[in-house]
Amino acid sequence: MSRIAYVNGQYLPHRDASVHIEDRGYQFADGVYEVVTIVGGRMIDEAGHLDRLERSLNELRMDLPMKREPLKFVMREVIRQNGIRDGIIYIQVTRGVAPRDHPFPKDTPSSLVMTAKRLSMERAAKTAEQGISVITVPDIRWARRDIKSVSLLPNVLAKQEAKDKGAYEAFQVDEDGMVTEGSSTNAWIVSQEGKIITRPTSNSILAGITRASLIKELDKNGIELELRSFTVDELHSAREVFLTSSTSYVLPVVKVDDQVIGNGHPGLISQKLRTIYENFMSEDA
Ligand code: PLP
């Protein structure tokens with residue numbers, strides 16, 4: 001089945017889909033995005049992602065490009081036309097096409113693009129079984145990391161550094177030596193005392209939808225959580241480390257920089273939380 005992209009009202013073959021060279025997303029990174037996981041042909045946490053999309057847009061003084069119901073219809077259509085069972089849908093909204101000038105253009109409709117792709121559940125399961133390694137890097141991003149902006153250059157540089165060093169992800173560290181989050185994931189630790197710890201939401205991190213759903217599941221299962229920032233030292237000396245994101249779910253970390261975590265295999269709590277999250281996904285999907 002050939003890939004189909006949605007671009008401003010049209011469903012086009014992926015290879016022919018394009019936007020104008022003066023799209024403000026292209027020239028100013030003036031736009032936001034969402035990535036929603038699809039399991040068994042259904043979206044996980046659709047409402048949460050649409051809420052966050054609307055919030056990100058509002059923070060940039062933009063509206064949803066269409067009402068929610070038609071937007072949901074287009075999302076389903078993109079998934080259907082691409083024949084996706086397991087994968088992701090990518091949604092991007094920018095401030096539209098206008099002659100290049102920093103202030104907002106007047107009466108310019110926003111641009112809406114959606115693409116979808118398949119992901120292998122088997123490969124994801126294998127990665128989770130083995131666990132992954134992460135590196136730490138300075139967090140050089142702007143002060144509004146709560147907005148899911150397409151301005152991702154620091155994240156790109158962080159992820160490339162991780163890749164260059166044979167790691168899966170880079171955890172970013174603020175000026176006070178506290179871990180903020182991964183380049184495209186939220187960071188969690190289990191302390192030596194067995195406390196599950198993750199950073200509270202603020203302008204310093206993206207409020208991950210997976211993070212929020214896992215927190216709800218922890219609550220339902222009576223599992224205690226400590227919402228606080230943690231240091232790089234705490235990260236290195238943690239009993240367990242894991243990350244969350246829409247595409248990674250709950251992913252155990254077995255090495256941070258040169259430090260092996262636990263016995264170098266996914267920890268029991270991380271594995272249990274992955275199972276809890278997988279169960280949540282099969283109920284939500
Ligand atoms: N933090 C950042 C910087 C991200 O880009 C992402 C996802 O892309 C996340 C966290 C995880 O968010 P979610 O669970 O909503 O995918």
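This is a short dialogue about reading the shape, one sheet and the empty spaces of a predicted model.

Me: I'm new to this. What does the protein chain contain in the way of helices and strands?
Reply: Keep in mind that you're looking at a predicted model. The protein chain has 8 helices and 15 strands.

Me: How do I judge the overall shape, say from the radius of gyration?
Reply: You set the value beside what a compact globule with that number of residues would have. For 285 residues that is near 19 Å, and the protein chain has 19 Å, so the two agree. You can also look at the C-alpha trace, which spans about 55 × 40 × 35 Å along its principal axes.

Me: Now the open sheet. In what order do its strands come?
Reply: To read a sheet, walk across it from one strand to its neighbour. Here 6 strands go in the order 2-1-6-5-3-4, with antiparallel pairing. The ends of that walk are the edge strands, strand 2 (10-13) and strand 4 (42-43), and each of them pairs on one side only.

Me: Can we zoom in on one pair? How many bridges join strand 5 and strand 6?
Reply: There are 8 bridges, in the antiparallel sense, between strand 5 (residues 87-94) and strand 6 (residues 111-118). Try finding one yourself: Ile 88 has Lys 117 in strand 6 as its bridge partner.

Me: And which strands does helix 3 lie across?
Reply: Helix 3 (residues 68-81) lies across strand 1 (4-7), strand 2, strand 3 (31-39), strand 4, strand 5 and strand 6. Its angle to strand 6 is about 35°.

Me: What about holes? How many cavities of 30 Å³ or more does a search of the whole structure find?
Reply: Think of a cavity as a space that a probe fits into but cannot get out of. The search finds 1 of 30 Å³ or more, and the largest cavity holds about 50 Å³ of space. Its lining includes Thr 37, Asp 45, His 49, Tyr 277 and Met 281. Helix 6 (209-220) and helix 8 (268-284) are the elements that give two or more residues to this lining. By class, you get 4 nonpolar, 4 polar and 1 charged residues there.

Me: Then pockets. How much space lies in the second largest pocket?
Reply: A pocket, by contrast, is open. The second largest pocket has about 220 Å³ of space. It is lined by 13 residues, and the closest to its centre are Gly 48, Arg 52, Ala 207, Ile 209 and Ala 212. Helix 2 (46-59) and helix 6 each give two or more residues, with the largest share, 4 residues, coming from helix 6. Sorted by class, the pocket lining has 4 nonpolar, 4 polar and 5 charged residues.

Key: Residues are numbered from 1 along each chain as its sequence is written. This is a predicted model: local features need pLDDT of at least 70, side-chain atom pairs count only at pLDDT 80 or more; totals for chains, interfaces and linings use all residues. Side-chain values use heavy atoms; hydrogens and water are left out. On a 1 Å grid over the protein atoms alone, a cavity is a set of points where a 1.4 Å probe fits but cannot get out, and a pocket is an open set with protein on both sides within 12 Å along at least five of seven lines; lining residues have an atom within 4 Å of a point. Grid points are joined across faces, edges and corners, and a volume is the space filled by probe spheres set on the points. Ala, Val, Leu, Ile, Met, Phe, Trp, Tyr, Cys and Pro count as nonpolar, Asp, Glu, Lys and Arg as charged, and the others, Gly among them, as polar. Two strands pair if DSSP finds at least two bridges between them. Contact means heavy atoms within 4.5 Å. Axes are lines fitted to C-alpha atoms, for helices over the stretch in contact, and angles run from 0 to 180 degrees between N-to-C directions. The radius of gyration is taken over C-alpha atoms; the globule rule is 2.2 Å times the number of residues to the power 0.38.
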